[in-house]
Amino acid sequence: MRQAQVYRWQIPLDAGVVLRERRLKTRDGLFVHLQENGREGWGEIAPLPGFSLETLDEVQPLVVAWARGWRSGASLPLPAPSSAAFGLSCALAELHDELPASADYRAAMLCTGDPDELFAALAALPGEKLAKVKVGLYEAVRDGMVVNLLLESIPDLQLRLDANRAWTPLKAQQFAKYVNPHFRSRIAFLEEPCKQRADSLAFALQTGITIAWDESLRDADFTFEPQPGVGAVIIKPTLTGSLQKVQQQVAAAKALGLTVVISSSIESSLGLTQLARIAAWLTPGTVPGLDTLQLMKCQLIRRWPESDLPCLQSDRLEPLL
Ligand SMILES: O=C(O)CCC(=O)C1=CC=C[C@@H](O)[C@@H]1C(=O)O
Ligand SMILES: [Mg+2]
């Protein structure tokens with residue numbers, strides 16, 4: 001006998017979460033819960049505003065119809081929108097014991113605001129120091145100085161940077177000018193410096209700063225091919241699609257010798273713990289980009305180890321079936 005439920009949820013976010021120039025006050029999404037023969041599987045469907053092509057209101061009827069169909073024994077194709085394909089494929093993978101349980105809960109410490117806070121947090125961090133800093137939000141020159149200062153004052157620090165395509169080629173150059181050439185190799189990568197991929201590639205070659213693709217993976221004309229200056233790809237499964245598609249992209253990038261970073265689309269703790277499992281499974285040895293629970297006011301269903309945020313269970317969510 002099959003049982004299925006779909007829940008809708010909303011989590012308040014910290015005041016400061018700004019995505020693509022808009023303030024995000026809440027994170028909204030769905031969970032699907034499948035049960036069969038004493039086994040269960042959960043999945044999270046949470047389109048990210050400004051990044052996902054679909055909205056939650058568009059995917060909700062697709063997910064509800066899919067869950068109703070599954071419950072009555074049908075084997076339906078996964079809905080096309082990436083967030084729905086990802087969440088439903090995760091629920092099926094858990095149900096069929098195809099998503100390994102061991103997880104990589106390490107995270108590159110995410111700094112979106114005050115570098116002083118990052119200094120304090122990094123100083124307290126034992127072992128390998130890895131942080132991700134957002135650039136492109138303020139003046140490029142200020143970004144360059146902050147990055148230089150961080151690398152200068154914390155000698156064992158490696159940085160991941162993310163400009164989200166904010167810079168013109170000129171601004172990207174202004175940034176690079178302030179980063180001591182000696183420190184540039186400690187920038188593990190800089191995600192998406194410029195609007196145009198060709199400008200980002202030219203920047204990498206001119207400055208010796210390794211770049212990474214994130215947004216570009218979703219460009220219609222993107223293909224996996226060797227490109228000098230590109231060292232990594234950031235895979236956000238909620239924006240990519242089914243687990244199978246995630247696996248295909250990971251394999252294509254690895255075949256080119258690229259570092260593959262599994263990264264958050266600001267999922268709830270349930271989705272994040274699944275991403276930590278996907279990272280341990282598909283990209284062992286690479287620290288995933290999952291330090292986004294700190295932006296939220298609570299956890300849902302499953303706990304992220306060491307987070308002391310309250311964790312709400314399904315009785316506090318809105319069932320849709
Ligand atoms: O990749 C990480 O380390 C954390 C996730 C992260 O940086 C992002 C998640 C979602 C949207 C963006 O603001 C941002 C990114 O662009 O990579
Ligand atoms: Mg990015």
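**Around ligand 1 and the magnesium ion**

Let's start with ligand 1, which has 14 residues around it, the closest being Lys-132, Asp-162, Asn-164, Lys-236 and Ser-263. Keep in mind that this is a predicted model.

Now for the polar contacts. The side chain of Asn-164 puts an N or O atom 2.8 Å from an oxygen atom of ligand 1. For Lys-134, the matching side-chain distance to an oxygen atom of ligand 1 is 3.3 Å. Glu-191 also has a polar side-chain atom 3.5 Å from an oxygen atom of ligand 1.

Glu-191 turns up again at the metal. Which residues coordinate the magnesium ion (ligand 2)? They are Asp-162 and Asp-214, each through OD, and Glu-191 through OE, at 2.0 to 2.3 Å. Along the sequence, these donor residues follow the spacing D-x28-E-x22-D. Asp-162 and Glu-191 tie together distant parts of the chain: Asp-162 sits in strand S8 (residues 157–162), Glu-191 in strand S9 (residues 187–191), and they are 29 residues apart.

Are these two donors buried or exposed? Asp-162 has a relative accessible area of 1%, and Glu-191 also comes out at 1%. Buried means under 20%, so Asp-162 counts as buried, and so does Glu-191.

Finally, have a look at the second largest pocket, with a volume of about 390 Å³. It is lined by 14 residues, and Asp-291, Trp-304, Pro-305, Glu-306 and Ser-307 are the closest to its centre. Sorted by class, the lining of this pocket has seven nonpolar, three polar and four charged residues.

Definitions and conventions: Residues numbered from 1 in each chain as written. Chains lettered and ligands numbered in written order. Predicted model: local features only at pLDDT ≥ 70, side-chain atom pairs only at ≥ 80, totals over all residues. Heavy atoms only, no water. Donors = N, O, S within 2.8 Å, 3.2 Å for Na, K, Ca; no water. Helix = DSSP H or I, 4+ residues; strand = E, 2+ residues; numbered from the N terminus. Buried < 20%, exposed > 50% of the residue type's maximum accessible area, 1.4 Å probe, protein only. 1 Å grid on protein atoms, 1.4 Å probe; cavity = no way out; pocket = protein on both sides within 12 Å on 5 of 7 lines; lining within 4 Å. Points joined across faces, edges and corners; volume = space filled by probe spheres on them. Nonpolar A, V, L, I, M, F, W, Y, C, P; charged D, E, K, R; others polar. Near = heavy atom within 4 Å. Polar contact = N/O pair within 3.5 Å; in protein donor to acceptor, adjacent residues only side chain to side chain.
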